[in-house]
Amino acid sequence: MQPLPEYREAEQVFRAAEQELERRLGYEVFNRFIEAQSHYTAQQTHAYYLFGLGLRQEVLSALVG
C-alpha cells in the first residue's frame with residue numbers, strides 16, 4: 001500500500017523540522033520535548049477514542065431503544 005502523497009510530504013516536512021529542533025536544542029532538551037509531546041498525543045488519542053466510542057454507543061442505544 002502506498003501512502004497518500006500529502007501524508008508523505010507532511011512526514012518529510014515534520015522530520016526536517018524535527019531534525020532542526022534537535023540540532024538547535026540539543027538531544028537532552030529535544031528528547032524531553034518529544035517525550036512530553038508523545039504523552040500528550042497519546043492522551044488526546046485516548047480521549048478521542050473514548051468520546052467516539054461513547055458517541056457510537058449512544059447512537060446504537062437510540063436506534064435499538
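Reply: A salt bridge is a side-chain nitrogen of Lys or Arg within 4 Å of a carboxyl oxygen of Asp or Glu. Keep that in mind for this structure, which is a predicted model.

Me: How many salt bridges does the structure hold?

Reply: The structure holds 3. The general idea is simple. Side chains of opposite charge can pair when their charged atoms come close.

Me: Before we look at them, which helices and strands should I find in the chain?

Reply: Look for 2 helices and 0 strands. Helix α1 covers residues 5–25. Helix α2 covers residues 27–64.

Me: Back to the pairs. What does R8 meet in a salt bridge?

Reply: R8 meets E11, side chain to side chain, at 2.8 Å from N to O. Both residues lie in helix α1. They are 3 residues apart, about one turn of the helix.

Me: How do I read the exposure of these two?

Reply: Use the relative accessible area. Under 20% is buried, over 50% is exposed, and partly exposed is in between. E11 has 23%, so E11 is partly exposed. R8 has 41%, so R8 is partly exposed too.

Me: Which residue pairs with R15 in a salt bridge?

Reply: That is E18, with 3.0 Å from N to O. R15 and E18 are 3 residues apart in helix α1, about one turn.

Me: Is E18 buried or exposed?

Reply: Apply the cut-off again. E18 has 18% relative accessibility, so E18 counts as buried. Its partner R15 has 41%, so R15 counts as partly exposed.

Me: Leaving aside neighbours within four places in sequence, what is E18 in contact with?

Reply: E18 is in contact with F30 and I34. Find E18 itself in helix α1.

Me: Where do R24 and E20 lie?

Reply: Both lie in helix α1, 4 residues apart, about one turn of the helix. They form a salt bridge, and their closest N and O atoms are 3.0 Å apart. R24 is exposed because its relative accessible area is 60%. E20 has 36%, so E20 is partly exposed.

Me: Now helix α2. Is H39 buried or exposed?

Reply: First place the residue: H39 is in helix α2. Its relative accessible area is 53%, so H39 is exposed.

Me: How far apart are H39 and Q12 in space?

Reply: Sequence and space are two separate readings. H39 and Q12 are 22 Å apart in space, C-alpha to C-alpha. In sequence they are 27 residues apart.

Me: Which residues make the nonpolar surface patch?

Reply: The patch is made by F51, L55, V59, L63 and V64. Its area is about 570 Å². Take F51 as a case. F51 sits in helix α2. With a relative accessible area of 60%, F51 is exposed because that is over 50%.

Me: What do I read for the chain as a whole?

Reply: Start with the radius of gyration. The chain has 19 Å, but a compact globule of 65 residues would have one near 11 Å. Next, the C-alpha trace spans about 60 × 30 × 15 Å along its principal axes.

Me: What share of the 65 residues is buried?

Reply: Buried residues make up 6% of them. E18 is one of the buried residues.

Me: What area does the chain expose?

Reply: About 6,100 Å². Carbon and sulfur atoms supply 61% of that area.

Methods
Residues numbered from 1 in each chain as written. Predicted model: local features only at pLDDT ≥ 70, side-chain atom pairs only at ≥ 80, totals over all residues. Heavy atoms only, no water. Patch = residues over 30% accessible without salt bridge, like charges linked within 9 Å, V, L, I, M, F, W, Y side chains within 5 Å. Areas by Shrake-Rupley, 256 points an atom, 1.4 Å probe, with all protein chains shown as cover. Buried < 20%, exposed > 50% of the residue type's maximum accessible area, 1.4 Å probe, protein only. Contact = heavy atoms within 4.5 Å. Rg over C-alpha atoms; globule rule 2.2 N^0.38 Å.
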